[in-house]
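Here is a short round of questions and answers on one protein chain. Have the sequence and the structure open as you read.

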Amino acid sequence: MNDPELNVRLKQMKILLRLLAFSLLAGCASSDRIELGNQSYSEAPVRIYLVPMEGISPAHATSLANTIETRHKLRTKATTTMGKQPSMFDAERRQYVANEIAKDAYHAVQKLQAPDERPFILVLTPYDINAREFQLRFLFAAHLQGISVISTARIDPVNYGLTRDDALRDARLVKLINKAVGQQVHGYPISSDRRSVMYGPIMSVDDLDAIGSWY
């Protein structure tokens, strides 16, 4: 069947197909960098190092690191256990000095971090802590430049002669961790809203139990 109009359309389609094929070949031969699906993928740098002190089990530290990574979407690594040093203990107060604990943790993480990292260091200790510059009876947590030291001493029911309750202890601990991450990593200010984990000051365990667990 000889249809002049149909023949014209077929010729036009052939020309368009040739042009399309040429443009595709030109694109493949281009020197411009073309992004492939996972070409630029690289492992995200570790942003948080969780350092457990002697008395915090490695398994517990790893579990908490996983919780932090899941909730905050930040790479988190639990390190090996850090020991006690005589310089950390204040014999007069019978408490550990957060500044000295932070100093040792900083030197330990320096050996682990990549040269271009600016990590946040989170130290967990089972010992009662205070800081040189504060005149308070104790601290739940001490926040220094890029380092937070958090104590479980005052949040563990066992230390008050009560029945062991790991779930309650960890719920309190996670609040303190979230507040530290909020303050040190996200730059969130202290809040007067008790529904926020950034509420402060926290003066007692009752205060800690009353506040929210997130921002």
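Q: How many salt bridges does the count come to?
A: The model is predicted. A pair counts when a side-chain nitrogen of Lys or Arg lies within 4 Å of a carboxyl oxygen of Asp or Glu. By this rule, the count comes to nine.

Q: Which residue forms a salt bridge with Lys103?
A: The closest N and O atoms of the pair are 3.5 Å apart. The cut-off is 4 Å, so the pair qualifies. Lys103's partner is Glu100.

Q: In which helix do Lys103 and Glu100 both lie?
A: The two residues are three apart. That spacing is about one turn of the helix. Both lie in helix H3.

Q: Which strands does helix H3 touch as it packs on the sheet?
A: The sheet here is open, has three strands in the order E3-E4-E6 and shows mixed pairing. Its edge strands are E3 (89-90) and E6 (129-130), each pairing on one side only. Helix H3 (residues 98-110) packs on this sheet, its direction making about 50° with that of E4. The strands touched are E4 and E6.

Q: What is the bridge partner of Asp90 in E4?
A: E3 and E4 (residues 95-97) run antiparallel. Two bridges join them. Asp90's bridge partner in E4 is Gln95.

Q: Which are the edge strands of the five-strand sheet?
A: This open sheet has mixed pairing and the order E2-E1-E5-E8-E7. Its neighbouring strands are turned by 15° against each other on average, direction ignored. An edge strand pairs on one side only, and here those strands are E2 (76-78) and E7.

Q: Which residue in E8 does Ala141 stand opposite?
A: E7 and E8 (residues 147-151) pair over four bridges. Their sense is antiparallel. Opposite Ala141 in E8 stands Ile150.

Q: What is the volume of the largest pocket?
A: The lining has 17 residues, and those closest to the centre are Leu136, Leu139, Phe140, Ala141 and Ile202. By class, the lining has twelve nonpolar, three polar and two charged residues. The pocket's volume is about 470 Å³.

Q: Which elements give two or more residues to the lining of the largest pocket?
A: Ala141 is among the lining residues closest to the pocket centre. In the five-strand sheet, Ala141 stands opposite Ile150 in E8. One contributor is a strand, spanning 141-144, and the other is a helix, spanning 166-186. They are strand E7 and helix H4.

Note on methods. Residues numbered from 1 in each chain as written. Predicted model: local features only at pLDDT ≥ 70, side-chain atom pairs only at ≥ 80, totals over all residues. Heavy atoms only, no water. 1 Å grid on protein atoms, 1.4 Å probe; cavity = no way out; pocket = protein on both sides within 12 Å on 5 of 7 lines; lining within 4 Å. Points joined across faces, edges and corners; volume = space filled by probe spheres on them. Nonpolar A, V, L, I, M, F, W, Y, C, P; charged D, E, K, R; others polar. Pairing = 2+ DSSP bridges. Contact = heavy atoms within 4.5 Å. Axes fitted to C-alpha atoms, helices over the stretch in contact; angles between N-to-C directions.
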